[in-house]
Every structure is written in C-alpha cells, then in structure tokens.
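Student: I would like a close look at a single strand and its surroundings. Please start from one residue pairing and work outwards.

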Amino acid sequence: MNKLFSTKNIIKLLAVLFITITVVSCQRDGSAEEDDLPQEELTNIILLVKEDSPGATAIEYNYSIGAGGIPTIPLTNGKTYTVEAKFRNGNDDATQEIIEAKDEHFLIFDFPKSNINITRLDGNDLRNDGKRVGLRTKWEVVNVVNSPSPFLKLDLIHAPQSVNDAKSGTAWGSVVGGETDAEATYNLIN
C-alpha cells in the first residue's frame with residue numbers, strides 16, 4: 001500500500017493529469033475537422049490599404065500573429081481608402097478558405113479612438129443572411145485622432161449565430177455567438 005502512494009507515483013499521476021487537462025483545455029468546443037480554418041493555422045493578417053485617388057497604389061500592413069510589433073497605418077482626415085484583408089498561414093494564402101466558408105466568418109472593425117466609417121465591398125460574395133464578411137471595405141476617414149494613440153482592432157469571427165454589419169459603439173460589425181479565429185491590432189496616425 002505504501003508503494004501506491006509513493007512520491008514517484010504521485011508525481012507521475014500529477015504529470016499525467018496536467019498533460020490531460022492542458023490538451024483538453026486547448027481544444028475548441030468542436031473537433032478540428034468542424035473548423036474550416038483552425039485558429040492555430042493563421043500566422044499573418046495583412047491589410048492592403050489604397051487611397052481612393054488616381055495613381056495611388058496599395059500599401060501592405062502585415063500583422064504577424066504572436067510575433068509582437070504593431071504596424072502603423074497613416075490615414076488622412078477627409079480621404080477615403082479601399083482596404084483588402086488577407087489571411088496567411090506561413091507562405092500560404094488562407095483568404096480563399098474564408099471566402100469559400102463565408103457563412104462561417106465575419107470581420108469586426110473596431111476604431112475606439114477614431115471616427116472612421118466602413119462600407120463592406122465584398123461584391124456578390126454574400127453570406128446566406130445577406131451580409132458581407134468584410135474582406136474588402138471602403139474606409140471614409142472623418143477623424144483619425146479622436147483621442148490619443150488611435151488604433152484598429154480587427155477580429156475574424158468563426159461560426160457566429162448571427163451578424164450585424166452596422167456600427168455598434170466604436171465597432172463596425174457585431175455578432176452573437178461564435179469564436180475568434182484571429183485578432184490583429186494596427187496603430188493609426190494622421
């Protein structure tokens with residue numbers, strides 16, 4: 001009986017218990033097969049920002065998930081920009097997977113310290129509920145710096161029960177249910 005409760009056996013039991021809890025807690029509610037774009041696979045969120053003026057070219061702002069560093073996007077009050085969001089898994093473009101599973105995804109653009117209006121331009125790629133994911137948007141900049149240190153928080157939501165593309169507080173878009181597939185932060189300057 002003493003061998004059953006020895007220090008070695010207790011340590012082994014605790015190690016197995018710890019590993020089991022860690023593995024179970026890192027999984028989503030559903031299996032990996034249910035998610036068309038597992039969050040562990042996304043490495044970069046890229047915004048291609050192009051001022052709506054003749055001769056303007058798109059500039060890439062690359063947010064590397066988990067690597068630190070926040071890209072800074074310069075915007076000008078009174079101007080409009082066309083912005084495309086791209087998602088990468090290493091060198092592979094994962095954006096097409098989001099388009100193919102558009103009913104399972106939705107982007108939320110939150111500008112808590114700026115006044116920027118968003119129009120979704122995804123074209124004819126509508127979700128079954130008639131909403132657009134937000135992979136291509138038009139930004140109408142009213143005031144970049146409404147308070148110190150403005151930024152954009154961008155969330156890719158997976159499997160929301162319902163979505164709304166209207167402005168809600170400082171965010172363009174809101175959801176009921178779902179999980180965050182990816183999140184990025186971009187600093188904004190004027």
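Tutor: Start with one pairing. Asn117 has Glu140 in E8 as its bridge partner. Keep in mind that this is a predicted model.

A second pairing in E8 involves Thr119, which stands opposite Lys138. E7 and E8 run antiparallel, joined by six bridges. In residue numbers, E7 is 115–120 and E8 is 136–143.

Now look at the faces of E7. Its side chains alternate. Ile116, Ile118 and Arg120 point to one face and are buried. Asn115, Asn117 and Thr119 point to the other face and are not buried. The residue we began with, Asn117, is on the face that is not buried.

E8 also pairs with E4. These two run antiparallel, with five bridges between them. One position to check is Val83, which stands opposite Thr137 in E8. E8 is thus joined by bridges to E4 and to E7.

Next, Trp139 in strand E8. Trp139 is buried because its relative accessible area is 0%, against a cut-off of under 20%. The structure holds three aromatic pairs. In one of them, the rings of Phe109 and Trp139 have centres 6.5 Å apart and planes at 80 degrees, so this pair is edge-to-face. The pair links distant parts of the chain: Phe109 is in strand E6, 30 residues from Trp139 in strand E8. Both Phe109 and Trp139 are buried.

Trp139 has another ring partner, Phe111. Here the centres are 5.3 Å apart and the planes stand at 85 degrees, so this pair is edge-to-face. Phe111 lies in the loop between E6 and E7, so its pairing with Trp139 in strand E8 ties together parts 28 residues apart in sequence. Phe111 counts as buried because its relative accessible area is 1%, where the limit is under 20%. Through these ring pairs, Phe109, Phe111 and Trp139 form a cluster.

Trp139 also belongs to the largest nonpolar core, which has 32 residues. Leu47, Leu75, Phe87, Trp139 and Tyr186 have the most contacts inside this core. Several strands each supply at least two of its residues, among them E4, E6, E7 and E8. E1, E2, E9 and E12 do so too. There is also a second, separate core of five residues, including Phe106, Ile108, Val163 and Ala171. In soluble globular proteins, nonpolar side chains tend to be buried together.

Tyr186 shows how the large core draws on separate stretches of the chain. Beyond its neighbours within four places in sequence, Tyr186 is in contact with residues including Ile45, Leu47, Tyr61, Ile73, Phe151 and Leu154.

Go back to the loop between E7 and E8. Arg127 sits there. At 7% relative accessible area, Arg127 is buried, because the cut-off is under 20%. The side chain of Arg127 reaches the backbone oxygen of Lys102 at 3.2 Å. Not counting residues up to four places away in sequence, Arg127 touches Lys102, Asp103, Glu104, His105, Phe106, Arg132, Val133, Pro160 and Val163. Two of these, Phe106 and Val163, are in the second core.

Follow that contact list to Asp103. Asp103 lies in the loop between helix H2 (95–100) and strand E6 (105–110). Asp103 is partly exposed because its relative accessibility is 29%, which falls between 20% and 50%. Leaving aside neighbours within four places in sequence, Asp103 is in contact with Arg127 and Asn128. The C-alpha atoms of Asp103 and Val133 are 8.2 Å apart, with their places 30 residues apart along the chain.

Finally, put the strand in its setting. The chain has two helices and twelve strands. From the N terminus on, the order is α-β-β-β-β-β-α-β-β-β-β-β-β-β. Of its 190 residues, 32% count as buried. Among contacts between residues at least 6 apart in sequence, 69% join residues at least 24 apart. The chain exposes about 10800 Å², with carbon and sulfur atoms supplying 52% of that area.

Methods:
Residues are numbered from 1 along each chain as its sequence is written. This is a predicted model: local features need pLDDT of at least 70, side-chain atom pairs count only at pLDDT 80 or more; totals for chains, interfaces and linings use all residues. Side-chain values use heavy atoms; hydrogens and water are left out. Helices (H or I, at least four residues) and strands (E, at least two) are DSSP runs, numbered from the N terminus. Buried means under 20% relative accessible area, exposed over 50%, partly exposed in between (1.4 Å probe, protein chains only). Contact means heavy atoms within 4.5 Å. Accessible areas come from the Shrake-Rupley method with a 1.4 Å probe; for residues, only the protein chains shown count as cover. A nonpolar core is a set of buried Ala, Val, Leu, Ile, Met, Phe, Trp, Tyr and Cys residues joined through side-chain atoms within 4.5 Å. A polar contact is a pair of N or O atoms within 3.5 Å; within protein, one must be able to donate a hydrogen and the other to accept it, and residues adjacent in sequence count only if both atoms are side-chain atoms. Rings of Phe, Tyr and Trp (its six-membered ring) pair if their centres lie within 6.5 Å; planes under 30 degrees apart count as stacked, over 60 as edge-to-face and the rest as tilted. Two strands pair if DSSP finds at least two bridges between them.
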